[in-house]
Amino acid sequence: RLESAVNTAVASNLYTSEAEHYLSTCKVLLNLRSAVVNDNWKLVDQVLKDSRTINLADEVSEEIQCIQDLADDKNLVFELRDVLSIGMAKGTVGNIEIDTIDIASLDTAIAHATKVGCKTVEAKMLLDSAVSLRRIRAAWRVYYHDGIGELRETLKEIEMKNLDSIVKNEIMLATDEVNNHDICLKLEQALLANKVRGEVGQIHLNDVSTEELTDAIAFTKRNGCKTKKATLLFETAKLMRGVRIDILNDNWEALDSMVESVLQDDIAISDVGRPEFDLVQEEIADRKICSTLTKALSNIPSGVQDEKNLDELSKAIDFSEKIGATSANSHRLLNAANFVLELRYAFANANWRKVGKLLTGVSINLFPANVQPEVYRIRDHLLEHTARQKVVTSLKEGGLSGSSDDIDVSGISTDGLDVSLRYINAMSSESESIKYLEKIVVAVRRLRKATLDRD
């Protein structure tokens, strides 16, 4: 209707100044309405600017003011959107660059919008978004100096539903950064707390627990990993929780399988969890050495020609030396195994000189308990062999000589027999063969003594 009226007036001859005044006013109003309908706010600004030199009719003053308010509001919207779309932190979660942050432009836009006043919901939301974003950018500025605390608290106080979508990506980046920081921190703390400690062969399990790891893993699942660091810590936490569970259940067989799988698949482990994993791995290897050597040492050869057990012990030693003994117990068992292997070979080959040399100066009580019986047994065989040799020698020397027709008693002596008896008595042996030898020596000694005494 306005456009039709203007066209009619333009086509007519106007005879009064009042008519021309109203026509000028209608033209301005028509241009403004058309510009608003077409969302051409640059044209709106231009028309409003030009209209300031025109004396408009009072009837349109209220509408003109309304359009002026809309134009001011739109200009605030344009200004706020422009400033909100630049000056944010750059980079990715876990690798944020704060040098690109611009707060000054935000401050200028916020001050302008506050002074002019926001008339529409859009402008008010953008102003609220600018104020919230300003706080986040300020928190970013001190992030690397004062920590994540201020950024976290700022995000807690912001309600995303009240903000314009233009700032949501920037706020989401900040949220992801806080979550990533918290995830990494929780996982690191959980990996370091209540872990397996001590040394190989003397690990401490009293305070081992999976509770903190379980909580940290659940927290990570809820928030999701956004960085490689968080993912690595998450996978390490799950691995070490399984390790601790098996240790607490004393399930070393399952633990061995798990560690072997990790090594075979070359699964990456965070530096935070690496010391505990390495300690467990070394403990497993050391326990393998101890069990292998203990088994081989406990299988005592059934005879001097029992090469099967000699071979088993030799393989157990090679296996242990290849892995490398770590604990005092594994070193003790390995030393004992090397000694016993050499002793078994000497005994199996009846190399009594070598057996005697090995046993000389050795404190059998210092050997592992499962080794002592065999060493004592071989020592007893050595003592019996030595006693037999002494007896045989003493029987061959110091006896009668000559013939039945001419017996010579001048060479009779019991000294060698006395030495044999003293040796046998010092043995304190319960061996039947030794007792039998003792009886022979005693009988021969009596015979020689009686001969000397011509009894």
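Partly exposed, on this tour, means a relative accessible area between the under-20% range that counts as buried and the over-50% range that counts as exposed. Keep that in mind as you click through this predicted model.

**First stop: Glu-159 and Lys-161**

Select Glu-159 and show its side chain. Glu-159 has 44% relative accessibility, so it counts as partly exposed. Now add Lys-161: the two side chains meet in a salt bridge, with 3.9 Å from N to O. Lys-161 has a relative accessibility of 66% and is therefore exposed.

**Second stop: from helix H9 to the loop before H11**

Next, pick Asp-176 and Lys-226. Their closest N and O atoms lie 4.0 Å apart, and the pair forms a salt bridge. This one ties together distant parts of the chain: Asp-176 sits in helix H9 (residues 168-192), while Lys-226 is in the loop between helix H10 (211-223) and H11, 50 residues apart. Is Asp-176 buried or exposed? Its relative accessibility is 15%, so Asp-176 counts as buried. Lys-226, with a relative accessible area of 42%, is partly exposed.

**Third stop: H9 to H11**

Stay with H9 and select Glu-188, then add Lys-229. Here the closest N and O atoms of the salt bridge are 3.5 Å apart. Again distant parts of the chain are linked, Lys-229 being in helix H11 and Glu-188 in helix H9, 41 residues apart. Both ends are partly exposed: Lys-229 at 49% relative accessibility and Glu-188 at 22%.

**Fourth stop: a network**

Now select Lys-74, Arg-81, Glu-122 and Asp-164 together. Salt bridges with shared partners join these four residues into one network. If you would like to keep hunting, the whole structure holds 22 salt bridges.

**Last stop: H11 against H13**

Finally, colour helix H11 (residues 228-248) and helix H13 (residues 274-298). Their axes come within 11 Å and cross at roughly 40°. That angle makes H11 oblique to H13. Turn the view to look through one helix at the other, and you have a left-handed crossing.

Which residues meet at this contact? On the H11 side, show Leu-239, Met-240, Val-243, Arg-244 and Ile-247; on the H13 side, show Glu-276, Phe-277 and Val-280. Colour them by type and you will find six nonpolar, two charged and no polar residues in the contact.

Key: Residues numbered from 1 in each chain as written. Predicted model: local features only at pLDDT ≥ 70, side-chain atom pairs only at ≥ 80, totals over all residues. Heavy atoms only, no water. Axes fitted to C-alpha atoms, helices over the stretch in contact; angles between N-to-C directions. Helix = DSSP H or I, 4+ residues; strand = E, 2+ residues; numbered from the N terminus. Parallel < 35°, antiparallel > 145°, perpendicular 65-115°, else oblique. Left-handed = near helix turned anticlockwise from the far one by under 90°. Contact = heavy atoms within 4.5 Å. Nonpolar A, V, L, I, M, F, W, Y, C, P; charged D, E, K, R; others polar. Buried < 20%, exposed > 50% of the residue type's maximum accessible area, 1.4 Å probe, protein only.
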